[in-house]
Amino acid sequence: MSDEPPPSIKSALLVLGCPQVPVQTSIALYLINKLKKSAIVPVVAGNKAANTLLVVADPDRHYLGEVMDLDRAVAQITGKKREFDRCFVFIHNDAGISYAATMGAISSAKIFALVYGEHYEALVKQIDFPCTIIAAKAVHNPLPLKKALDEVTPWAA
Amino acid sequence: MGCVESMNYEILMRDRSFKECREYIRQNFKEYIDVQPGFRIFDIHLIGIPPIAIGLDRDFIVFPYTKPCHGTFLLRVEDTAEAARLRAVRK
């Protein structure tokens with residue numbers, strides 16, 4: 001049996017990047033909360049460290065729902081076993097750009113590129129595939145990226 | 001690196017951008033194929049900005065391997081069957 005929600009329920013995949021930039025975990029929890037309040041089921045996909053940061057921060061799962069390995073998520077979407085309405089890709093390095101481009105190619109989800117970190121402007125210039133870019137210079141302080149998210153309201157219909 | 005760790009691979013490049021790895025393959029391999037993200041090679045679904053170049057040199061396969069924290073590696077693996085499969089994909 002698949003854990004995939006019924007088609008009538010909207011879903012969103014959060015593709016986490018390397019957790020070395022602190023704002024990622026904070027913004028992920030913030031975004032998950034906003035999505036849930038909009039009746040969108042959030043699913044997190046990251047590497048072990050990125051996922052564990054979230055799981056430890058939310059032990060009673062007030063915010064987190066399904067958390068899965070990033071490679072498994074890519075395999076399931078590529079194999080057409082899983083699909084999402086929205087896909088948020090956290091980007092603070094070149095690998096993040098590659099993952100966002102991959103999601104845009106393998107998934108029919110609406111792609112949101114969350115670009116942050118010290119070099120966010122250079123990263124934004126590299127994005128030449130269809131997606132909504134939400135970007136801010138945010139490393140330790142999540143508020144600039146939170147503000148950028150709030151302006152776009154990607155959880156809205 | 002998951003199943004990649006069990007392979008007998010050689011790292012040709014590391015700490016480079018995905019696009020630099022693609023250009024390296026195109027400039028250094030007479031034989032290469034372009035595939036889309038998610039294309040399966042061995043047991044790996046390739047990550048990258050389309051098109052993704054895979055180099056072929058006899059039975060050696062050269063491909064980009066991207067991880068969130070370590071960027072893109074260019075790996076070289078010898079595998080007769082997989083090289084033949086990739087050549088068949090190109091045709």
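Q: Which strands of chain A does helix α4(A) lie across, and at what angle does it run to β4(A)?
A: Look for a helix resting on a sheet, then compare directions. Helix α4(A) lies across β1 (10-15), β4 and β5 of chain A. Its direction makes about 165° with β4(A). Keep in mind that this is a predicted model.

Q: In what order do the strands of the chain A sheet stand?
A: Follow the sheet from edge to edge, not along the sequence. The order is β3-β2-β1-β4-β5-β6 in chain A. These six strands form an open sheet, and their pairing is parallel.

Q: Which strands are at the edges there?
A: An edge strand has a partner on one side only. In chain A these are β3 (66-69) and β6 (132-135). From strand to neighbouring strand, the turn is 20° on average, with direction ignored.

Q: How many bridges join β4 and β5 of chain A?
A: Bridges link one strand to its partner. Strand β4 (residues 86-91) and strand β5 (residues 110-115) of chain A share six bridges. The two run parallel. To see one facing pair, find A:Ile91, which stands opposite A:Val115 in β5(A).

Q: What does helix α2 of chain A touch on the sheet?
A: Helix α2 (residues 48-57) of chain A packs on the sheet and touches β2 (40-46) and β3 of chain A. The helix direction makes about 130° with that of β2(A).

Q: What pattern does chain A follow along the sequence?
A: Now read from one end to the other. Chain A follows β-α-β-α-β-α-β-α-β-α-β-α. That gives six helices and six strands.

Q: Why is chain A called as compact as a globular protein of its length?
A: Compare the radius of gyration with a rule for globules. Chain A has 14 Å, and the globule rule gives 15 Å for 157 residues. The two values are close, so chain A is as compact as a globular protein of that length. Along the principal axes, its C-alpha atoms fill a box of roughly 45 × 35 × 30 Å.

Q: What share of chain A is buried, and what share of its contacts is long in sequence?
A: Of its 157 residues, 47% count as buried. For contacts, take those in chain A between residues at least 6 apart in sequence. Of these, 61% join residues at least 24 apart.

Q: How do the elements of chain B run from the N terminus on?
A: Use the reading you used for chain A. In chain B the elements run β-α-β-β-β-β-β-β-α. The chain has two helices and seven strands.

Q: What is the strand order in the chain B sheet?
A: Trace the sheet sideways again. Five strands of chain B form an open sheet in the order β1-β7-β6-β5-β2. The pairing is antiparallel. β1 (9-16) and β2 (31-35) of chain B stand at the edges with a single partner strand each, so one side of each has no neighbour in the sheet. From one strand to the next, the twist averages 25°.

Q: How many bridges pair β1(B) with β7(B)?
A: Five bridges pair β1(B) with strand β7 (residues 71-78) of chain B, in the antiparallel sense. One facing pair is B:Ile11 and B:Leu75, the latter in β7(B).

Q: Which helices lie across strands of chain B?
A: Check both chains. Helix α1 (residues 18-28) of chain B lies across β1, β2, β5 (52-57), β6 and β7 of chain B, at about 175° to β6(B). Helix α4 (residues 94-106) of chain A lies across β6 (60-67) and β7 of chain B, at about 75° to β7(B).

Q: How many residues of each chain are in contact with the other?
A: Count on both sides. 17 residues of chain B are in contact with 19 residues of chain A. On the chain B side, β6 and β7 are the elements that give two or more residues. By class, that side has seven nonpolar, nine polar and one charged residues.

Q: Which residues have the most contacts inside the largest nonpolar core?
A: A nonpolar core is a joined set of buried residues. The largest one has 75 residues. Those with the most contacts inside it are A:Leu14, A:Val15, A:Val89, A:Ala113, A:Leu114 and B:Ile54. Helix α4(A) gives the most to this core, with eight residues.

Q: What is B:Ile54 in contact with?
A: Leave aside its neighbours within four places in sequence. The contacts of B:Ile54 then include B:Tyr32, B:Ile33, B:Val35, B:Ile61 and B:Leu86.

Terms used. Residues are numbered from 1 along each chain as its sequence is written. Chains are lettered from A and ligands numbered from 1 in the order in which they are written. This is a predicted model: local features need pLDDT of at least 70, side-chain atom pairs count only at pLDDT 80 or more; totals for chains, interfaces and linings use all residues. Two strands pair if DSSP finds at least two bridges between them. Helices (H or I, at least four residues) and strands (E, at least two) are DSSP runs, numbered from the N terminus. Axes are lines fitted to C-alpha atoms, for helices over the stretch in contact, and angles run from 0 to 180 degrees between N-to-C directions. Two residues are in contact if their C-beta atoms, placed from the backbone, lie within 7 Å. Ala, Val, Leu, Ile, Met, Phe, Trp, Tyr, Cys and Pro count as nonpolar, Asp, Glu, Lys and Arg as charged, and the others, Gly among them, as polar. The radius of gyration is taken over C-alpha atoms; the globule rule is 2.2 Å times the number of residues to the power 0.38. A residue is buried if 20 or more other C-beta atoms lie within 10 Å of its own, exposed if 12 or fewer, and partly exposed in between; C-beta atoms are placed from the backbone. A nonpolar core is a set of buried Ala, Val, Leu, Ile, Met, Phe, Trp, Tyr and Cys residues joined through C-beta atoms within 7 Å.
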